[in-house]
Amino acid sequence: MNKGRLTNLTKLTIDTSFWGRYRSDSTNPDLGDTSFVQAVPSLNIGQHAAIPRTDADANNPNLIKAIAFTAGFHFAFIEQGGTSLYPSLAQRVNDPEVLLVVLSIGPSEAMHFQTWHDKAGNANAGNPPLTVVDPINNNSTVTFVDLTVPTGNDAVDELLQANLIMPEPCPFLERSFPVCSIVRPTGTKAAAMGALKALAADGLFIGQTPEFMHLLNDLATDADSARGK
């Protein structure tokens, strides 16, 4: 099967719970916490395009806005994964050259995450909620609200605040310790396989062959099997 690209960007199911993870001041996925607030809950349901597929997409004002906003949140989702993955895998490295690679790339991912985190927070700013139905992707519906506008609920506003791109301090190592502003998660157990599963659930590999997915699973398994000496 001759595909023009490795990744699919037209049928994405985007987990925006990174938004809540980085804003919560009392929870940390490394300590077993789950159910973080989604910035755009409807992006995590159905399938959504992050690039225009036809001229009709580009000529539909509301749809092309939704596609652009979707791309912004998808970039942030991808880069958040890299931000966590490199420090997670660094804990398994014993070769100095490999450690140099992992530690050098990781901070770049974090910088990308902050940038796209900031850009995504501007989606639909200054406008009423934008709801768009995608006729190509089985009428999947997405709604973007203005995250820069306070809701009046302080607890919700803290979790959904736009342009808050530094991690809110949260529990670290042990809940009895003082909170700390950290990358999250960084648990190393099954880190590579976890990243692969997240990307697959995102729909990034829709259209690829079983052989391709088998190769990715082998690579993730090998990465998670690595042990420092």
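**Aromatic rings and a strand hairpin**

The charged end of Arg184 sits over the ring of Tyr22, 5.3 Å from its centre, where the term requires NZ of Lys or CZ of Arg within 6 Å of the ring centre and within 35 degrees of the ring normal. In a second such arrangement, the charged end of Arg23 lies over the ring of Trp19 at 3.9 Å from the ring centre. The model is predicted, with local features needing pLDDT of at least 70 and side-chain atom pairs counting only at pLDDT 80 or more, while totals for chains, interfaces and linings use all residues. Residues are numbered from 1 along each chain as its sequence is written, and side-chain values use heavy atoms, with hydrogens and water left out.

Both of these rings, Trp19 and Tyr22, belong to one aromatic cluster that also takes in Phe18, Phe69, Phe73, Phe113 and Phe144. The structure holds eight aromatic pairs (ring centres of Phe, Tyr or the six-membered ring of Trp within 6.5 Å; planes under 30 degrees apart are stacked, over 60 edge-to-face, the rest tilted). Among them, Phe73 and Phe144 have ring centres 6.2 Å apart and planes at 20°, so this pair is stacked. The pair joins distant parts of the chain, since Phe73 is in helix 3 (residues 61-90) and Phe144, 71 residues apart from it, is in strand 2 (residues 140-144) (helices are DSSP runs of H or I with at least four residues, strands runs of E with at least two, numbered from the N terminus). Phe73 has 1% relative accessibility and therefore counts as buried, and Phe144, at 1%, likewise counts as buried (buried is under 20% relative accessible area, exposed over 50%, partly exposed in between, with a 1.4 Å probe and protein chains only).

Helix 3 also contributes Phe75, which is stacked with Trp116 at 4.1 Å centre to centre and 10° between the planes. This pair again links distant parts of the chain, with Trp116 in helix 4 (residues 96-120), 41 residues apart from Phe75. Here the rings belong to partly exposed residues, because Phe75 has 39% relative accessibility and Trp116 has 28%.

Strand 2, which carries Phe144, pairs with strand 1 in the antiparallel sense over five bridges (at least two DSSP bridges are needed for pairing), and Val132 stands opposite Val142. Along strand 1 (residues 130-134) the side chains alternate, with Leu130, Val132 and Asp134 buried on one face, while Thr131 and Val133 point to the other and are not buried. Five residues lie between the two strands of this hairpin, in which Asn138 takes a positive phi near 55°.
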